Amino acid sequence: MMLQRTLFSTSAGFQLRGNPLRKTSRREREVERQLRTAGRFGMTRHELADALACPLSSVCAIVANLKGDGQVVDTPRKRTSTFGYPAGVLVHHSFAD
């Protein structure tokens, strides 16, 4: 497993990417729950931001963490976002093809 220093690393140690013992935040659990509920249909980052009533930038950061942990998977599918642009569809890892 590759060790990666993060912005908030201390000299005492640093976070393991994909560590199953890493504590997940409440928002990360909410994103996972939304994606499990969406099933194979999945959700875009914009849809997640709307469902959770939080900024898109926060959702993008959470999704990046969950993708690094293997909990969330990008699909090749695209859907039109709320701004009219194509957006990638995410699914929970249990629904990945």
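**View A. Asp74 is partly exposed, with a relative accessible area of 35%.** The model shown in this and every following view is predicted. Arg45 is likewise partly exposed, at 21% relative accessibility. The side chains of Arg45 and Asp74 meet in a salt bridge, with 3.9 Å from N to O. Because Arg45 belongs to helix α2 and Asp74 to strand β1, this pair ties together parts that lie 29 residues apart in sequence. Which residues are joined into one network by salt bridges that share partners? They are Arg45, Lys67 and Asp74. A search of the whole structure finds 5 salt bridges, and the Arg45–Asp74 pair is one of them.

**View B. Glu30 and Arg26 form a salt bridge within helix α1.** The closest N and O atoms of the pair are 2.6 Å apart. Both residues lie in α1, where 4 residues, or about one turn of the helix, separate them. The following rule helps in reading such a pair: an α-helix has 3.6 residues a turn, so residues three or four places apart point the same way. Is Glu30 buried or exposed? Glu30 has a relative accessible area of 17% and therefore counts as buried, the cut-off for burial being under 20%.

**View C. Glu32 and Arg36 make another salt bridge in helix α1.** Their side chains meet at 3.8 Å, from N to O. The two residues are 4 residues apart in α1, so about one helical turn separates them. The partners differ in their cover: Glu32 is buried, at 11% relative accessible area, whereas Arg36 is partly exposed, at 40%.

**View D. Helix α2 carries four buried residues, namely His46, Leu48, Ala49 and Leu52.** The helix spans residues 45-52. Why do these residues lie on the same side of α2? They cover an arc of only 160° around the axis, and this puts them on the same side of the helix. The buried residues of α2 pack against three elements: helix α1 (26-38), helix α3 (56-68) and strand β2 (86-92). Just after the helix, Ala53 takes a positive phi of about 55°.

**View E. Strands β1 and β2 form a hairpin.** Strand β1 covers residues 72-80, and 6 bridges join β1 to β2. The two strands run antiparallel. Two of the bridge pairs can be followed by residue name. Val72 has His92 as its bridge partner in β2, and Val73 is partnered by Val91 of the same strand. How many residues lie between the two strands of the hairpin? There are 5, and Gly84 in the turn has a positive phi of about 90°. Strand β2 is mostly covered, since 6 of its 7 residues are buried. A general rule is useful when the side chains are traced along a strand: in a regular strand the side chains alternate between the two faces of the sheet.

**View F. Cys54 and Cys60 are not joined by a disulfide.** Why is there no bond between their sulfur atoms? The sulfur of Cys54 is 9.6 Å from the closest cysteine sulfur, that of Cys60, which is too far for a bond. A disulfide would require the two sulfur atoms to be within 2.5 Å. The structure as a whole holds 0 disulfides. Cys54 counts as buried, at 7% relative accessibility, while Cys60 is partly exposed, with a relative accessible area of 33%.

**View G. The protein chain, shown as the setting of the close-up views, has 3 helices and 2 strands.** From the N terminus on, its elements run in the order α-α-α-β-β. The chain has 97 residues, of which 32% count as buried. Among the contacts with a separation of 6 or more, 47% are between residues 24 or more positions apart. The accessible surface of the chain comes to about 6300 Å², and carbon and sulfur atoms account for 57% of that surface.

Conventions. Residues are numbered from 1 along each chain as its sequence is written. This is a predicted model: local features need pLDDT of at least 70, side-chain atom pairs count only at pLDDT 80 or more; totals for chains, interfaces and linings use all residues. Side-chain values use heavy atoms; hydrogens and water are left out. Buried means under 20% relative accessible area, exposed over 50%, partly exposed in between (1.4 Å probe, protein chains only). The arc is that of the directions from the helix axis to the C-beta atoms. Contact means heavy atoms within 4.5 Å. Two strands pair if DSSP finds at least two bridges between them. A salt bridge is a side-chain nitrogen of Lys or Arg within 4 Å of a carboxyl oxygen of Asp or Glu. Accessible areas come from the Shrake-Rupley method with a 1.4 Å probe; for residues, only the protein chains shown count as cover.
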